[in-house]
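Hi everyone, thanks for coming. I have one structure to walk you through today, so let's put it up on the screen.

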Amino acid sequence: MLFTSLFVSVTLVAPKEVEQELRADFLEAFQAVEDAELRGGDISSLVVELNEILELIEIGGEAGLLEAASRFEAVKDDAIALGMVGEEGAQAQLIESALILLAASVLSLLVWRFAPSLIWRLWLRSKGEWKAYP
Amino acid sequence: MILDEKITYSLIALILALGSLTAIPPIIPERVVEPFSELGVLGPKMKLGDYPSEVSVGESFDLFLYVGNQEGRVLYYRTLIKVGGLETNVSDTEPFEGRLLDSVDLVLADGQNRTTPITLSLSETGVNRRVVFELYMYDRVGDGFVYSGEWLQLWLNVTISSF
């Protein structure tokens, strides 16, 4: 839909206006990438894509502008998908951290309960044959 | 039994410390202590120092623009290249009021940098002309580009073309 309207725009409207329209769309795509990063997504491939779109807008020409217009939707869709992946990763990491904390707490309790007797038992086993003289 | 308690407490403290060191970094995300952006201009051979000092009117000269992002987040940068004289001021807070020559847009993720080739030409003669490079960042809240305070300048004498 957007692509079709931009196609009509590129062919009918002055190039400067088309470029401004594309730059507005670019900002939307950039904001989608910003959101994806905030949600923990790996946005490095989208940054490359955005810079390529910027170059196409900069170069101008009907073919370049059309190609730029056709790539915005893909960037936005990818950003949403990457954001979701990032969120899932963050959740998994949170669960992992909670499990580590739980394990550390359980271990602390076990140490609290059993370590003193264990240490003394080991000490007695190694030094038990010592004799004390008055 | 004092020794017994001491050993117990020491072991518990050690385990808690190790547990915290393992568990806390994933929970708390990395924070950028001092976020900053980098702006640099390199000469035609991509080095610092071989800048042109004298050009003819209409003569093209090549430079390289370096921008780096250490802000801790992805940013949309715009570098404005302006030309002017000594009559207008430029500072970290106020942009230069010269005539706009060109602009360079780019998006950089945190920790990335990019060197972009640029070709400029000046249309007016003059001594001590200033070509000023200013870095702007897109601000989502204000829906516009905000001057970052990073700027550089190149001094040039622009002579009449020999052609």
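I'll go from the place where the chains meet, to a helix, to the core, to a strand, and finish with some backbone angles. Please keep in mind that this is a predicted model.

Let's start with the two chains. On chain A, 25 residues are in contact with 22 residues of chain B. Where on chain A do they come from? Helix H2, residues 15-38, helix H3, residues 44-59, and helix H4, residues 62-127, each supply at least two residues of the side that touches chain B. H4(A) gives the largest share of that side, 14 residues. By type, the side of chain A that touches chain B has 16 nonpolar residues, 6 polar ones and 3 charged ones.

Now zoom in on H3(A). Does its length come out as expected or not? At 1.5 Å a residue, its 16 residues should span 22 Å, and the end C-alpha atoms are 23 Å apart, which agrees. Several residues of H3(A) are buried, including Leu46(A), Val47(A), Leu50(A), Ile53(A), Leu54(A) and Ile57(A). Glu49(A) is on that buried list too. Here is a reminder that helps when you look at a list like this: an α-helix has 3.6 residues a turn, so residues three or four places apart point the same way. After H3(A) comes Gly60(A), with a positive phi near 75 degrees.

That brings us to the core. The largest nonpolar core has 47 residues, and those with the most contacts inside it are Val33(A), Leu46(A) and Leu50(A). Which elements build it? From chain A, H2, H3 and H4 each give two or more residues, and from chain B so do strand S3 (61-70), S4, S5, S7 and strand S8 (144-159). H2(A) provides the largest share, 8 residues. If you want one residue to click on, try Leu46(A): leaving out residues up to four places away in sequence, it touches Val33(A), Ala36(A), Val75(A), Asp78(A), Ala79(A) and Leu82(A).

Over to chain B, and strand S4, residues 75-84. Of its 10 residues, 8 are buried, so S4(B) is largely enclosed by the rest of the structure. What are its partners? S4(B) runs antiparallel to strand S5, residues 99-108, with 9 bridges joining them; in that pairing, Arg78(B) has Asp105(B) as its bridge partner. S4(B) also pairs with strand S7, residues 126-139, again in the antiparallel sense, over 8 bridges. There, Thr79(B) stands opposite Leu135(B).

Stepping back, the domain assignment splits chain B into domain 1, residues 1-30, and domain 2, residues 36-159. The C-alpha centres of these domains lie 52 Å apart.

Last topic, backbone angles. Most residues other than glycine have a negative phi. Asn128(B), which is not a glycine, has a positive phi near 55 degrees. This residue lies in strand S7 of chain B. Is Asn128(B) buried or exposed? With 10 C-beta neighbours inside 10 Å, Asn128(B) counts as exposed. Then there is Asp143(B), also not a glycine, with a positive phi of about 50 degrees. Asp143(B) sits in the loop between S7 and S8 of chain B, and is exposed, with 9 other C-beta atoms within 10 Å.

That's my tour. Thanks for listening, and I'm happy to turn the model around for anyone who wants another look.

Note on methods: Residues numbered from 1 in each chain as written. Chains lettered and ligands numbered in written order. Predicted model: local features only at pLDDT ≥ 70, side-chain atom pairs only at ≥ 80, totals over all residues. Contact = placed C-beta atoms within 7 Å. Helix = DSSP H or I, 4+ residues; strand = E, 2+ residues; numbered from the N terminus. Nonpolar A, V, L, I, M, F, W, Y, C, P; charged D, E, K, R; others polar. Buried ≥ 20, exposed ≤ 12 C-beta atoms within 10 Å, placed from the backbone. Pairing = 2+ DSSP bridges. Domains from an automatic or database assignment. Expected span 1.5 Å × (residues − 1). Core = buried A, V, L, I, M, F, W, Y, C linked by C-beta atoms within 7 Å.
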